[in-house]
Amino acid sequence: MALYGNVVMLDNSYGSYLGVTFNQNLTMRNNSSLNYVFVNGNADIYDSAIVGNSYFINFFTPQFAVQGTLTFHSQSATSNALNFFAGAIAFNVPSSGGSGGFISRLLRFPWFIKF
Amino acid sequence: MALTDNILAYWNLNNNGSGGVSLLDSTSNGNNLIVNGSPDPSLGSGIIAGDAVGNGSGYYRTTNSLDFSGDFSINYWAAIPIGAPLDVQQFSGATYGGFDLNLSFNRLYAGIANVGYIASYTFSPTFDSWYMISCTRSGAEIKIYLNGSEVGTGSNSSNFTAIFGLFACSDGGYVGGSSAVQLDEIGAWNRALTPTEINDLYNGGSGNTYPFYLGLYYNNAQNDGDWGNLLNWWQDPNFTIQATSLPTSSTPVNLYNQVTQNTQGSNQCFCLRATFWSADFAYGLTLQSSGVVNMQGNSAMAGHSTDGVSMHDSSQLTSTSVIDGNVTMRDSSRAFGYIGGNAYVYYDGGNAQYPIGGTVAGTVSYIGGPAASPQYFNDQVSGAGSYGVVDDLNNWWADDTFTTRPINSVGSQVLPDPSTVCYVYGTGFQYASTYPYNFSVTSIDAYGYGSINLASDFDITVSEALTMHDNTSFQADG
């Protein structure tokens, strides 16, 4: 299965254990969550959205893969992925505010990240 | 469509002026033949004005590759001599896995060299008798015809573009071998000829040759509009060879000017079938045609036709017209008269007449209109269809009251297409009635806890975006 076109996830929408490809770009906002998805374009994570949000562990299959740039736009946007792939990672986060959950989790497993 | 449309090459194999066989391509495509081997095939009398008589040594091949990547057709005449070898090669691609079409001593077949038959028809041809061999491919469907009648089908969509050999077989990148067979009137097209066109080529056993003049041509040269005036009829579309007799019920006719009377037939105009080329047919006349009447350009039919009519361009059935059979309307054609059969109206980019005028005794079908937009999916309301089935028309609605159907501009409800904006409610997309299924639309907005099931054989294509709202979810159970 493939989903050809852009995907926007809002308002607590979610998807788990999908194993599917989103052919273009992904935007996630407002508590949406997504796991085991491969994005051929870019992914932009806002608000308190979560990528790789599961306890599913497979070190050979990324829980979240982005061919283009994975950008976190918020302190509270989070990656819980135990492994993931990204063509590039960007942090477009305002300097003010407390520490966000995404940073600590990313740093826990930096060796799977391709910069 | 004319038989000259999408033609790749035509070799009539007539006298080249020096007693040999002409290898020229009759079309303007320049696909002349080249001789290999010696001696050359010699000139015979043929089905029409000469043919090539193979001798088991010399053979021909095409100058260029013929584009058989998609739809294509081959048509030729063949006669197998007594004592010919079992495998009589006639029309073969010069590559491994090339396409070939052959009439052998016990069958007609289309096949792949060194692989096997695609379509085959078992019969024993009479030696030294002419047979017309035809093969068409439309999509993946291959049909073979013998003397204008379909005798076999098969399936193959491979790219068969290649240099082709005549009298010869493929032999790994070149043509080789040679067959002692007679060949004549060979044509190739990069489209599938219709059964009617193949029948026109057969022409009752007499054959037809490029540029495929058939029947009689009317131009009203005498300016009297008289079907019954022989001086208005010609044997060719250039109006240079005068007809020797008026059309009969076995004559196809082509009308290039108005017909207003028939002084020889009590206004009863007999033909096998008629094609109108921006020609008018007056009230009071009856076109006694046993085949479909084809109207092109801005033709107008005001009289009576005993068979159906196929309308194109801006042709018109006037208010006085009476058509006994079915009417098919394409392009910007219009109907205002009486249709005794059914009417089929194609949308054709929005040019179709909707609703059609006049009276239709049968049914009217509007075909091909785009889906209404927006459309709302909900499988959980009164009148809804099957649970979660995306291609169930009863799950689609015109708005979020879920009470009216999304009827398009030609009065039909059709499933969303790439021009449709979709909103999804209820349980969302769970299944399709058939798989694999590709749901292609402009956009999807999902609401209300519905889900989108990303099953393995269900693709979704959105030209803008798929947006998930309100606790909606993706699933993947396939």
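Let's start with a strand that has two faces: in β34 (residues 343-346) of chain B, Ala343(B) and Val345(B) make up the covered face, while Tyr344(B) and Tyr346(B) make up the uncovered one. Keep in mind that this is a predicted model. Strands are a big theme here, with 45 of them plus one helix in chain B, and eleven plus one helix in chain A.

**Around strand β34 of chain B**

- β34(B) pairs with strand β31 (residues 327-329) of chain B in the parallel sense, over three bridges.
- Across that pairing, Val345(B), from the covered face, stands opposite Met329(B).
- β34(B) also pairs with strand β36 (residues 364-367) of chain B, again in the parallel sense, this time over four bridges.
- Here it's Tyr344(B), from the uncovered face, that has a bridge partner to look at: Ser365(B) in β36(B).
- As background, strands of a sheet pair through backbone hydrogen bonds, and they can do so either parallel or antiparallel.

**A seven-stranded sheet in chain B**

- For antiparallel pairing, look at the open sheet of seven strands in chain B, which goes in the order β2-β5-β14-β7-β8-β9-β10.
- Which strands sit at the edges of this sheet? They're β2 (33-36) and β10 (116-122) of chain B, and each of them pairs on one side only.
- Going from one strand to the next, the twist averages 20°.
- Inside that order, β5 (residues 59-62) and β14 (residues 164-166) of chain B run antiparallel and are joined by two bridges.
- If you want a spot to zoom in on, find Tyr60(B), which stands opposite Leu166(B) in β14(B).

**A hairpin in chain B**

- Strands β12 (residues 141-146) and β13 (residues 149-155) of chain B pair in the antiparallel sense over six bridges.
- One pair to pick out is Ile144(B) with its bridge partner in β13(B), Gly152(B).
- How many residues lie between β12(B) and β13(B) in their hairpin? There are two, and Asn147(B) in the turn has a positive phi of about 50°.

**The helix of chain B**

- Chain B's one helix is α1 (residues 195-202), where Glu197(B), Ile198(B), Leu201(B) and Tyr202(B) are buried.
- These four are on the same side of α1(B), because they cover an arc of only 145° around the axis.
- The general idea is handy here: an α-helix has 3.6 residues a turn, so residues three or four places apart point the same way.
- What covers the buried residues of α1(B)? The cover includes β6 (72-79), β11 (130-138) and β12 of chain B, so β12(B), one of the hairpin strands, turns up again as part of this cover.
- Just after α1(B) comes Asn203(B), with a positive phi near 50°.

**Chain A on its own**

- Reading along the sequence, chain A has the pattern β-β-β-β-β-β-β-β-β-β-β-α.
- Chain A has 115 residues, and 40% of them are buried; for the 478 residues of chain B, the buried share is 44%.
- Now zoom in on Thr27(A), which belongs to strand β4 (residues 26-28) of chain A.
- Is Thr27(A) buried or exposed? Thr27(A) counts as buried because 20 other C-beta atoms lie within 10 Å, and 20 or more is what the cut-off asks for.
- Thr27(A) and Val8(A) are 19 residues apart along the chain, yet 4.8 Å separates their C-alpha atoms.
- Setting aside neighbours within four places in sequence, Thr27(A) is in contact with Val8(A) and Asp44(A).

**Where the two chains meet**

- At the meeting place, 19 residues of chain A are in contact with 23 residues of chain B.
- On chain A's side, the elements giving two or more residues are β1 (2-9) and β2 (14-15) of chain A.
- β1(A) gives the most, with eight residues.
- The chain A residues that touch chain B divide into twelve nonpolar, six polar and one charged.
- There's strand pairing across the chains too: β2(A) and β45 (residues 473-475) of chain B pair in the parallel sense over two bridges.
- In that pairing, Gly15(A) has Phe474(B) in β45(B) as its bridge partner.

Methods: Residues numbered from 1 in each chain as written. Chains lettered and ligands numbered in written order. Predicted model: local features only at pLDDT ≥ 70, side-chain atom pairs only at ≥ 80, totals over all residues. Pairing = 2+ DSSP bridges. Axes fitted to C-alpha atoms, helices over the stretch in contact; angles between N-to-C directions. Buried ≥ 20, exposed ≤ 12 C-beta atoms within 10 Å, placed from the backbone. Contact = placed C-beta atoms within 7 Å. Nonpolar A, V, L, I, M, F, W, Y, C, P; charged D, E, K, R; others polar. Arc of directions from axis to C-beta.
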